[in-house]
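Subject: Structure handover

Hi,

Here is the structure I promised to pass on. Have a look at it first, and my notes follow below.

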Amino acid sequence: MMEMLDSDQLLSTSGIGSTTNRQVTTYHNEDMPLACEYVCEWSPTNLLLPSHDDGGDVYLCLPINMSEATYFKLCQSKEETKDDGYCDDMINKLRLASLDRYISTIAPLAKSTQRLVACGGHPQSASAVPNHKLVTSSNSGRVINVLQGEIAHCTPAHADTLVSDDATTCHILCIHSCYHTNSSEAPTETAVLATLTHVDAVGYKSCIRSAVNEHVDYHTLSGKRPIQGTIKISLHVVGGFNDKEGSSIVITEDILLTLAELSNEYRHARGQTDVSMTLETCAVSSANDDGAGSPLARGIGMDVSAGSIFLAEVEEDAVPSTGCINSTISSRDYLNVKLLPSAQKVSAPTAEGPEATLRSMRLWASAFHVESASAKQLHVIHRSDSDCLWVTPFFFGCHPAAAGLLQAGDKELIQITSTSPAVEKPNFVRKVRQSLSLMNSSSSMRVFTKVRGARQPMKFRRVGTNSWVRLQ
């Protein structure tokens, strides 16, 4: 059991550079093998939080590890703890536990999480998952659906809704920015940019940094900055739950550390344009747990124009389809994935977007094929300067491991392929089978065209609201 200081005592009102830039929280932990108190040292960041009760600016604080010398100085004497000593693994666990509790209880973030869940409607019981809006091809305007490991940037000219779902330990990061001028003569309407990505692990620091920098570049390099002003970036992080393995909170910390580093760099950057970053929502890990070890929010949609977010679920196509091959595949009698001809055929309206099965199969290809393995990166499917959706080429083909998985029963398959098998949605196994079946029925050589020896990305143009046609 842990005892913690009131989280609101860990609200910085001045950010990095203040004279009181560290605060201490003490834990008494009966379950850990430390015979002394654990003192958690906190450091403020320049990442703003939603407006506090008094209306003043408040900033996120993050727990940091202490040196061994500080640890034993602040705790009991080293002699009294010589059997356990200073344990890096234990300190890391306690630091993550501190962060998890902090995010769940700090007032500005707790309130924004409550608002997000409440917008989904009231569940029938306290432990029930709140209602998620079903995003269809007809009820949410022009949709861009972002799958696990993907990222999309767009403006209101390209789409009305960015969305991603099926997150358990994964985190969904939404970024929305606009330019605020410091002159009363400035026009009231300013350009906006929206980004959404689905992060499945730690190690995407450079991708997240690039995503935020994309917003700064968009407002400063494209002639949209007529006079001096501030780029205001709103951030929403949703996902994970209180899983026993602690996978969720590790991803949470990795994302928050990256955002905090960026906020500090922009705070001290020299130039005419100021950048203000606000963590509007942080419904993650225990803050996104229903109390029974399952995530509350599994999917998030973002209004591209307004920047508001909502709980969302993407409607599946009646018959999952791909336009890459002229054949039909199946792994079981109940599983049929319809494959449409690729030559300039307009797809039926779809909220999932083009080639959803092929895009999701990329994860399995990187696991089975050395040729597909690469440094961790979020694959960009849409950019702010393009009307098209792109699928970058990757290597895949029939693999015996995939064939073996397809022979496994549903219960065995979900245990092997999921980081959180107990809380996956009912359609998880079916989607895995679709991806593995497609991989074993074709190859990248048949799917991605080759020009001068190099595989080319698939390029799709929107037709109407949510139909797509392949251009290359």
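How much area does the protein expose, and what share of it do carbon and sulfur atoms supply? The exposed area is about 21,100 Å², and carbon and sulfur supply 49% of it. Before you go further, keep in mind that this is a predicted model.

**Overall picture**

The protein has 472 residues, and 53% of them are buried. Its secondary structure comes to 10 helices and 21 strands. If you take the contacts between residues at least 6 apart in sequence, 74% of them join residues at least 24 apart.

**Nonpolar cores**

As you'll know, nonpolar side chains in soluble globular proteins tend to be buried together. Here the largest nonpolar core has 47 residues, and the members that touch the most others are Leu162, Leu358, Phe396, Leu436 and Met439. Helix α9 gives this core its largest share, six residues. A separate core of 44 residues sits apart from that one, and includes Leu49, Tyr102, Ile208 and Val237.

Leu162 may be a handy place to start looking. Leaving out residues up to four places away in sequence, Leu162 touches Ile144, Ala152, Cys154, Ala194, Thr195, Leu196, Ile300, Gly301, Met302 and Val304.

**Two helix crossings**

Which helix axes come within 9 Å of each other and cross at roughly 75°? Those are the axes of α6 (residues 356–368) and α9. That angle makes α6 roughly perpendicular to α9. On the α6 side the contact involves Thr357, Leu358, Ser360, Met361, Trp364, Ala365 and Phe368, and these meet Val432, Gln434, Ser435, Leu436, Leu438 and Met439 of α9. You'll recognise Leu358, Leu436 and Met439 from the list of best-connected members of the 47-residue core.

The other crossing is between α2 and α5, with axes that come within 10 Å and cross at roughly 80°. These two are therefore roughly perpendicular as well. Arg95, Leu96, Leu99, Asp100 and Ile103 of α2 make the contact with Ile249, Val250, Thr252, Glu253 and Leu256 of α5.

**Salt bridges**

Side chains of opposite charge can pair when their charged atoms come close. There are 13 salt bridges in the structure, and a few are worth opening in your viewer.

- Glu253 and Arg95: their side chains meet with an N to O distance of 2.6 Å. Glu253 is in α5 (residues 247–267) and Arg95 is in α2 (residues 88–105), so this bridge ties together parts that are 158 residues apart in sequence. Are these two partners buried or exposed? Glu253 has a relative accessible area of 12% and so counts as buried, and Arg95 is buried too, at 11%. Both residues also belong to the α2–α5 contact.
- Glu265 and Arg209: this salt bridge also has an N to O distance of 2.6 Å. Glu265 is in α5 and Arg209 in α4 (residues 205–220), which puts the partners 56 residues apart. Glu265 is partly exposed, with 39% relative accessible area.
- Asp410 and Arg433: here the N to O distance is 2.8 Å. The bridge links α8 (residues 410–417), which holds Asp410, to α9 (residues 428–441), which holds Arg433, across 23 residues. Asp410 is partly exposed at 38% relative accessibility, whereas Arg433 is buried at 0%.

Besides those pairs, salt bridges with shared partners join Asp165, Asp166, Glu313, Lys425 and Lys431 into one network.

**Backbone oddities**

Most residues other than glycine have a negative phi. Two residues in this model go the other way, and you may want to look at both.

Asp166, one of the residues in the salt-bridge network, has a positive phi of about 65°. Where is Asp166 placed? Asp166 lies in the loop between β7 (161–164) and β8 (171–181), and is partly exposed, with a relative accessible area of 25%.

Arg452 has a positive phi of about 55°, again without being a glycine. Arg452 sits in the loop between β18 (450–451) and β19 (454–455). At 83% relative accessibility, Arg452 counts as exposed.

That's what I have so far. Shout if anything is unclear.

Cheers

Definitions and conventions
Residues are numbered from 1 along each chain as its sequence is written. This is a predicted model: local features need pLDDT of at least 70, side-chain atom pairs count only at pLDDT 80 or more; totals for chains, interfaces and linings use all residues. Side-chain values use heavy atoms; hydrogens and water are left out. Helices (H or I, at least four residues) and strands (E, at least two) are DSSP runs, numbered from the N terminus. Buried means under 20% relative accessible area, exposed over 50%, partly exposed in between (1.4 Å probe, protein chains only). Contact means heavy atoms within 4.5 Å. Accessible areas come from the Shrake-Rupley method with a 1.4 Å probe; for residues, only the protein chains shown count as cover. A salt bridge is a side-chain nitrogen of Lys or Arg within 4 Å of a carboxyl oxygen of Asp or Glu. A nonpolar core is a set of buried Ala, Val, Leu, Ile, Met, Phe, Trp, Tyr and Cys residues joined through side-chain atoms within 4.5 Å. Axes are lines fitted to C-alpha atoms, for helices over the stretch in contact, and angles run from 0 to 180 degrees between N-to-C directions. Angles under 35 degrees count as roughly parallel, over 145 as roughly antiparallel, 65 to 115 as roughly perpendicular and the rest as oblique.
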